[in-house]
Amino acid sequence: MKNLIGHNSPLNPQETIQKNITRKKPILDREPQFFNGVPIPSWIELSLIDACNRSCNFCPKFDEKIAPNTYNKMEFDLIDKLVLDLIDINYEGAFCLCGYGEPMLHKDYLKIVNKLAAVGPVEIITNGDVVNKSSLLKIYRSNASRLLISLYDGPEQLEKFQKMIEETGVPKEFVILRDRWYSDKIDFGVKLTNRTGTIEIGNQPEVNIKQECYYTAYQVLIDWNGDVFLCPQDWQRRNAMGNIMQKKFFDIWNGKILSKYRNKLLNGDRSLSPCNSCNADGTVYGTNHYLAWKKLI
Ligand SMILES: C[S@@+](CC[C@H](N)C(=O)[O-])C[C@H]1O[C@@H](n2cnc3c(N)ncnc32)[C@H](O)[C@@H]1O
Ligand code: SF4
């Protein structure tokens, strides 16, 4: 093994988690934008495809009863509608392609990146299994803002991807390699949560339904079919806040269902499902959005 010190190789899971937080904070902790006097989100996560080629034991994908691979895919119509809705509200936030599957399994993921990039920066989060020199170059030459690769197998993957980055000439800063190959004793190197009661493995904190949660103040997750969910923790996917194909993005964001959750969560009340089985901290990002909402609710 060579070249383990330097670029992207902390080999220290806490350091990797902290780096991830530090990277996202300027976007997620920015002063919120407003539309019609309402704070709007800074982060939209999209789940392009309901399938993953892996099944990691700390991820709900491990259990077919909870998250089966249906291979349903997001269509361009939906992206086009979302882009129009976001232009309407002058959205200046970012996008993340991640969600409930492996985004690079969607054959048109780069076309989707390019459509979204007309509105804001787009990050791709992948397990790296289909990243090779050719796809890496295509991603770099697309309008993607960054590629994050989760390394689940071992330190040999660091060497493999560092070599690939060097040989393709892609700038090092464009790719973030995340060491996540550790054992359950140290939570796999992931800031582990129970994904709303669907995952028990690792050193999970207790659920505290009196804990505030800021997710609904600053972000949303959109599933392959346009269903809007509370956050990336909600792997139960039972309560959609609305559907992008049926309503305008802003009307869902400012609509009855999401407002009901938000009012409770920003006041330390996780009693509604699925929040009543969620152990995520929920306050890592979004303080400024939270403060803006607190003046209104
Ligand atoms: C479902 S994956 C989708 C993206 C891609 N397939 C990957 O593995 O990076 C989304 C992210 O959630 C993380 N993750 C999965 N289960 C988790 C859990 N129980 N707690 C915290 N993060 C988790 C993964 O490591 C990954 O970064
Ligand atoms: S409490 Fe958990 S499930 Fe509810 S919005 Fe917050 S992170 Fe999501």
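This report describes a predicted model of one protein chain and the two ligands placed with it.

## Overall build

The protein chain has 297 residues. Its secondary structure comes to nine helices and nine strands. The C-alpha atoms fill a box of roughly 55 × 40 × 35 Å along the principal axes.

The radius of gyration is 19 Å. A compact globule with 297 residues would have a value near 19 Å, so the chain agrees with that expectation. Buried residues account for 41% of the chain. Contacts often span long stretches of sequence: of those between residues at least 6 apart, 72% join residues at least 24 apart.

## The sheet

Seven strands build an open sheet. Their order is β7-β6-β5-β4-β3-β8-β9, and the pairing is mixed. At the edges sit β7 (175–179) and β9 (228–229), each paired on one side only.

Several pairs can be followed in detail. Strand β4 (residues 94–97) runs parallel to strand β5 (residues 122–126), and three bridges join the two. Within this pair, Cys 96 has Glu 123 of β5 as its bridge partner. Strand β3 (residues 43–46) also has a parallel partner, β8, with four bridges between them. Here Glu 45 stands opposite Leu 221 in β8.

## Strand β8 and its hairpin

Strand β8 covers residues 219–222. Gln 219 and Leu 221 point one way from the strand, while Val 220 and Ile 222 point the other way. All of these residues are buried.

On the β9 side, the pairing is antiparallel, over two bridges. Ile 222 has Val 228 in β9 as its bridge partner. The two strands form a hairpin with five residues between them. In the turn, Gly 226 has a positive phi of about 100°.

## Nonpolar cores

The largest nonpolar core has 66 residues. Inside this core, Leu 48, Phe 95 and Leu 97 have the most contacts. What does Phe 95 touch, leaving out residues up to four places away in sequence? Its contacts are Ile 44, Leu 46, Leu 116, Gly 120 and Val 122. Two of the strands described above supply some of these partners: β3 spans residues 43–46, and β5 spans residues 122–126.

A second core is separate and has six residues. Among them are Cys 59, Phe 188, Val 190 and Leu 192.

## Surroundings of the ligands

Ligand 1 has 16 residues around it. Cys 59, Glu 102, Asn 127, Ser 150 and Thr 193 come nearest. Cys 59 thus appears twice, as it is also part of the second core. By class, the shell around ligand 1 divides into eight nonpolar, four polar and four charged residues.

Ligand 2 is surrounded by 15 residues. The closest are Cys 213, Cys 231, Gln 233, Cys 275 and Cys 278. This shell has nine nonpolar, four polar and two charged residues.

## A look at Ser 259

Ser 259 lies in helix α8, which covers residues 256–265. Is this residue buried, exposed or partly exposed? Ser 259 has 16 other C-beta atoms within 10 Å. A buried residue would need 20 or more, and an exposed one would have 12 or fewer. Ser 259 therefore counts as partly exposed.

Tyr 182 is 77 residues away from Ser 259 along the chain. In space, the C-alpha atoms of the two residues are separated by 39 Å.

Key: Residues are numbered from 1 along each chain as its sequence is written. Chains are lettered from A and ligands numbered from 1 in the order in which they are written. This is a predicted model: local features need pLDDT of at least 70, side-chain atom pairs count only at pLDDT 80 or more; totals for chains, interfaces and linings use all residues. A residue is near a molecule or strand if its C-beta atom, placed from the backbone, lies within 6 Å of it. Ala, Val, Leu, Ile, Met, Phe, Trp, Tyr, Cys and Pro count as nonpolar, Asp, Glu, Lys and Arg as charged, and the others, Gly among them, as polar. Two strands pair if DSSP finds at least two bridges between them. The radius of gyration is taken over C-alpha atoms; the globule rule is 2.2 Å times the number of residues to the power 0.38. Two residues are in contact if their C-beta atoms, placed from the backbone, lie within 7 Å. A nonpolar core is a set of buried Ala, Val, Leu, Ile, Met, Phe, Trp, Tyr and Cys residues joined through C-beta atoms within 7 Å.
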